[in-house]
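Me: I'd love to go through this structure with you, one question at a time. Shall we start with how its helices pack?

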Amino acid sequence: DSKYIGQMMTYINSSEFFLITAAQESIHEGFCIYSSQGLNFLKETSLNPEQKENVGYKIPFPNDKLIRVPVEEKYHENLCRISVDNHADLRFMNQLHSELGSNKFNISSVVDHLKSNPGLLNIHSHVQQKLVDHKLLKIVFVISIDPQVGLGHASRITGLAQELNESFHHQIQFLIPNNNYSKSYFRELGYENECLFYNVPDLYDTLKNLNYDLFVIDDKNLDLEKLKLILANQHVWLYDQVPENDHYPEHWTYFLQGIQVIPEKHFKNVEWGFKTVFLNKSLEYHFNQNIDSPNTIINLGGSEKNLQLIEHFRDDLVDRPNLKIASRVPLKENFGENIKQNNLFKEIANCIKGITFYGVSFYEFLLLGKEVCVICRDQNEEMIINEILANYEIVKTEKLAQNYFFKLKTDYNSIKKSQRKMLNKRLGDILKSKKGHHA
């Protein structure tokens, strides 16, 4: 809004005023200019920290030192966040830019476009203004990712990382293997600047030298005893590993994804159930658009083993209508229309049925209320799926060879509420501990 900014600069250059802000609520919420005298005034006279941080049309200041600049009526509505504080805001801006183009990427065109396409606001609608007394946590995610392991661990952890960064305003970084496979995946997600790299033989030494408030570890290849020695005094969230004895740090938390089998001995710091499964925010955005398609999606992920197993179902799949397939591993033969990776979230969100393997893709289909058929790779996965079938309210539909399609009747919004409650508690424990430590 060059007119608005120009007026503000004219006033501030006159040196008669030290605080320039909007005259009313508008899309420019929080945008103001103040001089060094204005900073001193805020320091001396603000009643509370919120007044210092949110200088705007609502805060009473002396009229002889304050000028309120009128805003064009078109911009009166505080339509959306226009600051870019995290990846959700960046995805929002990138989407606007891609739809409008460089020539029309201005405040007037953006407001018109958003009023005609309000669904775009869902890209970052989950981002709330952080509280004035917010305490930032630095969090590192240690992930196993390669062609043999596949992308399940990385996909699962990036969903959690997005939640902690975008909904809870904490700083995130990823510690990933130093290989092209992992680098290309995080580059596609837009997190290349948040990545640290390790060479597998040096991982334990790398962990020793890191300084973070929380370590989130999803790598079954790591030795739990070595981890305890290295990170005994750190806060750790450990995915898919639970110690077999009581000799573990009491401040660690253990996560068993979804409905994995709980150990016979119950530990107080174990979290399980659907509240531990976090979906990618781009997937949620497309799901909230409420666009349905008749497609059945096969998602093979990035594991070569999955590609080999799906071959056994070829005869049951080749003539299936509206069939699409996604795989990061090159396919020898096509089952149906290939899905490009940058369209995968949209296809999953809109489809009616999914065929996949136990892991993240399975939970994406399941929690979004799709009919899903799971191809189990071993007896442990069969046991996990049977736990779901036995303990959750589900509907069985058609059969694919010996496997059923089934649908979960749990509402995803209720799952998200339990996720937030769980994270508030676990993050609160860390902050209390840090406060006590510093005291």
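Me: At what angle do the axes of helix α4 and helix α6 cross, and how should we describe that arrangement?

Reply: Happy to help; keep in mind that this is a predicted model. Helix α4 covers residues 87-100 and helix α6 covers residues 152-167, and their axes come within 8 Å. The crossing is roughly 90°, and angles from 65 to 115 degrees count as roughly perpendicular. The two helices, α4 and α6, are therefore roughly perpendicular.

Me: Which residues make the contact of α4 with α6?

Reply: By class, this contact has 1 nonpolar, 3 polar and 2 charged residues. From α6 come Gln162, Asn165 and Glu166. From α4 come His87, Ala88 and Arg91.

Me: Which residue forms a salt bridge with Glu166?

Reply: Side chains of opposite charge can pair when their charged atoms come close. Glu166 lies in helix α6 and its partner in helix α4, so the pair ties together parts that are 75 residues apart in sequence. The closest N and O atoms are 3.0 Å apart, and the partner is Arg91.

Me: Is Glu166 buried or exposed?

Reply: Buried means under 20% relative accessible area. Glu166 has a relative accessible area of 0%, so the answer is buried.

Me: Which strands stand at the edges of the sheet that contains β1?

Reply: Three strands form an open sheet with mixed pairing, in the order β2-β1-β3. Each edge strand has a single partner strand, so one side of it is left without a neighbour in the sheet. The edge strands are β2 (33-34) and β3 (66-69).

Me: Which residue in β2 stands opposite Ile20?

Reply: Strand β1, residues 19-22, runs antiparallel to β2, and 2 bridges join them. Opposite Ile20, in β2, stands Ile33.

Me: At about what angle to β1 does helix α1 run?

Reply: Helix α1 is made of residues 2-13 and lies across β1, β2 and β3. Relative to β1, helix α1 runs at about 160°.

Me: Lys324 and Glu337 form a salt bridge; which of the two counts as buried?

Reply: The closest N and O atoms of this pair are 3.9 Å apart. Lys324 sits in strand β12 (residues 323-326) and Glu337 in strand β13 (residues 337-338), 13 residues apart. Glu337 has a relative accessible area of 48% and is partly exposed. At 13% relative accessibility, the one that counts as buried is Lys324.

Me: How many residues apart in sequence are the parts that Glu393 and Lys409 tie together?

Reply: Their side chains meet in a salt bridge at 3.7 Å, N to O, and both Glu393 and Lys409 are exposed. Glu393 lies in the loop between α15 and β16, and Lys409 in the loop between β17 and α16, so the parts tied together are separated in sequence by 16 residues.

Me: How many salt bridges does a search of the whole structure find?

Reply: Some of the charged residues are linked in a network of salt bridges: Glu271, Lys275, Lys425, Arg426 and Asp429. For the whole structure, the search finds 24.

Me: Which residues does Leu283 touch, not counting those up to four places away in sequence?

Reply: Leu283 has its place in helix α10, residues 281-287, and counts as buried at 0% relative accessibility. His97 is 186 residues away along the chain, with 20 Å between the C-alpha atoms of the two. The residues that Leu283 touches are Phe345, Ile348, Ala349, Glu364 and Leu368.

Methods: Residues are numbered from 1 along each chain as its sequence is written. This is a predicted model: local features need pLDDT of at least 70, side-chain atom pairs count only at pLDDT 80 or more; totals for chains, interfaces and linings use all residues. Side-chain values use heavy atoms; hydrogens and water are left out. Axes are lines fitted to C-alpha atoms, for helices over the stretch in contact, and angles run from 0 to 180 degrees between N-to-C directions. Helices (H or I, at least four residues) and strands (E, at least two) are DSSP runs, numbered from the N terminus. Angles under 35 degrees count as roughly parallel, over 145 as roughly antiparallel, 65 to 115 as roughly perpendicular and the rest as oblique. Contact means heavy atoms within 4.5 Å. Ala, Val, Leu, Ile, Met, Phe, Trp, Tyr, Cys and Pro count as nonpolar, Asp, Glu, Lys and Arg as charged, and the others, Gly among them, as polar. Two strands pair if DSSP finds at least two bridges between them. A salt bridge is a side-chain nitrogen of Lys or Arg within 4 Å of a carboxyl oxygen of Asp or Glu. Buried means under 20% relative accessible area, exposed over 50%, partly exposed in between (1.4 Å probe, protein chains only).
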